[in-house]
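Here is a brief report on one protein chain. Look over the sequence and the fold before reading on.

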Amino acid sequence: MSENVLAFGPCVVHGGVFGFDPDLVPTVLIDPETNRPPDVGPDSLPCEPAPGSAERAVGRPLCPACARALNRELQGRGELPRFDETDTAAPRRAGQG
Ligand SMILES: [Zn+2]
């Protein structure tokens with residue numbers, strides 16, 4: 001019966017605003033200078049992080065749909081899913097009755 005604390009913000013991938021629990025939402029680290037994760041280059045391919053990039057990077061919320069899409073992409077490359085696909089804005093416990 002505890003209430004979720006909800007926040008609203010743009011998804012780091014598709015840019016649409018969605019509701020989430022800031023304590024639980026999966027995040028992607030983004031370097032504010034490049035608007036990309038520190039280890040991703042301008043061509044969207046993995047790269048060596050630029051000096052200071054990882055230190056500048058801040059976690060941005062990822063919506064469940066994009067988490068799912070990213071996980072599929074990872075799995076398509078033979079990698080393990082990395083993002084929690086739970087909708088953190090959804091009630092975690094259904095009311096009784
Ligand atoms: Zn999204």
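The notes below cover the overall fold, one helix and the nonpolar core.

## Overall fold

This is a predicted model. The protein chain holds 2 helices and 4 strands. Along the sequence they run β-β-β-α-β-α.

Of the chain's 97 residues, 16% count as buried. Contacts in the protein chain with a separation of 6 or more include many long-range pairs: 48% of them join residues 24 or more positions apart.

## Helix H2

Helix H2 covers residues 64-76, 13 residues in total. At 1.5 Å a residue, H2 should span 18 Å. Its end C-alpha atoms lie 18 Å apart, so the expected span and the model agree.

Pro64, Cys66 and Ala67 are the buried residues of H2. Viewed down the helix axis, they fall within an arc of 160°, so they line one face of H2. The face turned away from that buried side carries exposed residues: Arg72, Glu73 and Gly76. After H2 comes Gly78, with a positive phi near 80°.

## The nonpolar core

The largest nonpolar core has 9 residues. Its members are Cys11, Phe18, Phe20, Val25, Val28, Leu62, Cys63, Cys66 and Ala67. Strand S2 (17-20) and H2 each supply at least two of them.

What does Leu62, a member of this core, touch beyond four places away in sequence? Its contacts there are Cys11, Val12, Val13, Val25, Pro26, Thr27, Val28, Ala67 and Phe83. Among these, Cys11, Val25, Val28 and Ala67 also belong to the core.

Note on methods
Residues numbered from 1 in each chain as written. Predicted model: local features only at pLDDT ≥ 70, side-chain atom pairs only at ≥ 80, totals over all residues. Buried ≥ 20, exposed ≤ 12 C-beta atoms within 10 Å, placed from the backbone. Contact = placed C-beta atoms within 7 Å. Expected span 1.5 Å × (residues − 1). Arc of directions from axis to C-beta. Core = buried A, V, L, I, M, F, W, Y, C linked by C-beta atoms within 7 Å.
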